[in-house]
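Please open the model in your viewer and keep the sequence panel beside it, since each stop on this tour begins with a selection.

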Amino acid sequence: MNKKLLSGLALVSVAATGFWACGEGNINGKDLNDDIAMASNDQDLQTLKDNALDECRMTPDCYAKYQGYLEGTEVPTSVDNPVPDVNSSNSNGGGNSYTMPNVSSSIKIARSSSSINIIDDPVESSSGAAPITDDAFGTCAPLKNPINKNTSVQWQFKANSKYPGFDALKIAKATYTWSFAAGAVDDGTGKGTTSGSITYANSGATTASVTVLYDGTPISVACDPLQVNGDPITCTVAAAGGDITTDAGVATWTATCTSGSDITSYVWDGTDAGPTGNTFTYTFAAKGDTHTPTLKVGNSDNTVETVTCPEVIATDASIPDYILDATTKSVTVPAGTSVVTASYTKTDIVWNGEITGMQCNFYCQSSSNDAMDITVDGVAMKGPNYITGQIPCESLVDGYQLKIVSNMEVTCGKQ
């Protein structure tokens, strides 16, 4: 775009007077009559228009109002009133607007006795300027998910740098128009790729979209859905079974949930079991197999809560486990994953039999000085030859299935 400046003419913003207000206060109050007089040909008038639009692009809120204007499209170039000589005595007085001749958009100059304003009348493009829906252009998602109703969240757009013809400079100059579901309240603080804070008074799943004016082309991108929760749901999940011999490999998880609204669904591993389906079963094929089901619980106030379930490790009563108790105080396990049945009693652990929240010392040692990399029931222990760590005392009592993962053969036990 032509970027030369007229002699003595500063960059001009689209001012507050007229159809749209941009760059408010940038030119009001300045006497620019001499500059207008110098714009004696169409090229100078085009430069004036180009500079005004370039300045406007520097303010996203300003240029966002040009959604209906595409550069390079055919627009009317007829002249309703030629720009008069501002020094002429028959210049029609202050406050009149004159259409610039032979320019690509109907920019007008509104002249008063002490100031001028640049006013843009948008012209629809020949293509209709309808947004192109292209989710490959980028991604859009809420910055927090889920949220509770009557709270707010911002949405963010991220451009796809692998999009055909991607240009980081054009992305930086792009403008963004956000659209939200009915009832959403925007506080108007959005800047560029991030929306304002959007408040939702209603619970349930909702969506949004953003239209990016990229190099003159509006591209619409659908956002990931947002879950707005109403009445909270509280759940605990217990697991039992999973022995190949005694339970036929069947493990059972039972959810106990409460809420101020009726529970309407239990979705286990993606399957909705309905409002009463608070139990779930899974059949193991072999000892040592593991499963942790996913669970989402919904209520009549449109809340959907993701619940953490315990992992179950399959056992087999017909195949002796590694036993760890007060008699067998240590076990030697091979490299890989091993399941150890820890069968201490509470009195074996502490004198008073109360172990909730207490930590017990656990050790592992190898026959070499090579570095050991071990996890015991999720607790990492690393070091050469002999290492110790602390695990919950509950992991050692009442036939608990303790999982040990090691990079070599080791001997482990309670200190």
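A salt bridge here means a side-chain nitrogen of Lys or Arg within 4 Å of a carboxyl oxygen of Asp or Glu. Please keep in mind throughout that this is a predicted model.

**Salt bridges**

Begin by selecting K403 and E311, which form a salt bridge whose closest N and O atoms are 3.3 Å apart. This pair links distant parts of the chain, with K403 in strand β32 (residues 400–406) and E311 in the loop between β23 and β24 (312–313), 92 residues apart. K403 is partly exposed at a relative accessible area of 22%, and E311 is partly exposed as well, at 40%.

How many salt bridges does a search of the whole structure find? The search finds three, and the next to select is D301 with K149, where the closest N and O atoms are 3.5 Å apart. D301 lies in the loop between β22 and β23, while K149 lies in the loop between β6 (147–148) and β7 (151–153), so this salt bridge ties together parts that are 152 residues apart in sequence. Colour the two by accessibility and D301 counts as buried at 14%, whereas K149 counts as partly exposed at 30%.

Then move to D215 and K170, another salt bridge, with 3.1 Å between the closest N and O atoms. Because D215 sits in the loop between β13 (208–214) and β14, and K170 in helix α4 (residues 168–173), the pair ties together parts that are 45 residues apart in sequence. D215 is exposed, with a relative accessible area of 52%, and K170 is partly exposed, with 32%.

**The hairpin around D301**

Return to the loop that holds D301 and show the backbone on either side, where strand β22 (residues 295–299) and strand β23 (residues 304–307) pair in the antiparallel sense over four bridges. One bridge to pick out is that of L295, whose partner in β23 is V307. The two strands form a hairpin with four residues between them, and in the turn N302 has a positive phi of about 65°.

**Disulfides and a cysteine without a partner**

Now show the cysteine side chains; the structure holds four disulfides, and three of the links are visited here.

Select C140 and C223, which are joined with an S to S distance of 1.9 Å; the link is right-handed, with 75° about the S-S bond. C140 lies in strand β5 (residues 138–142) and C223 in the loop between β14 (217–222) and β15 (226–229), so this disulfide ties together parts that are 83 residues apart in sequence. Both ends are out of the way of the probe in the sense used here: C140 is buried with a relative accessible area of 2%, and C223 is buried with 8%.

Next take C235 and C257, joined by a disulfide with 2.1 Å from S to S. The torsion about their S-S bond is about 115°, so this disulfide is right-handed. C235 belongs to strand β16 (residues 233–241) and C257 to strand β17 (residues 250–259), 22 residues apart. C235 counts as buried at 19% relative accessibility, which falls under the 20% limit for that class, and C257 is buried at 15%.

The third link to select is C364 to C412, with 2.0 Å from S to S and a right-handed torsion of 110°. C364 lies in strand β28 (residues 359–365) and C412 in strand β33 (residues 410–414), so the link ties together parts that are 48 residues apart in sequence. Both of these cysteines are buried.

Why does C309 have no bond to C235? The closest cysteine sulfur to that of C309 is the one in C235, and at 9.1 Å it is too far for a bond. C309 itself counts as buried, at 8% relative accessibility.

**D325 and M372**

Select D325, in the loop between β25 (322–324) and β26 (330–333). D325 is buried yet has no salt bridge, and the nearest side chain of opposite charge, K329, is 8.9 Å away. A polar atom of the D325 side chain does lie 2.6 Å from the backbone nitrogen of T328. Leaving aside neighbours within four places in sequence, D325 is in contact with S343 and Y344.

Finish at M372 in strand β29 (residues 371–376), which counts as buried at 2% relative accessibility. Add P384 to the selection: M372 and P384 are twelve residues apart in sequence, and their C-alpha atoms are 5.7 Å apart in space.

Note on methods. Residues numbered from 1 in each chain as written. Predicted model: local features only at pLDDT ≥ 70, side-chain atom pairs only at ≥ 80, totals over all residues. Heavy atoms only, no water. Buried < 20%, exposed > 50% of the residue type's maximum accessible area, 1.4 Å probe, protein only. Lys, Arg positive; Asp, Glu negative; His and termini not counted. Polar contact = N/O pair within 3.5 Å; in protein donor to acceptor, adjacent residues only side chain to side chain. Contact = heavy atoms within 4.5 Å. Disulfide = S-S within 2.5 Å. Pairing = 2+ DSSP bridges.
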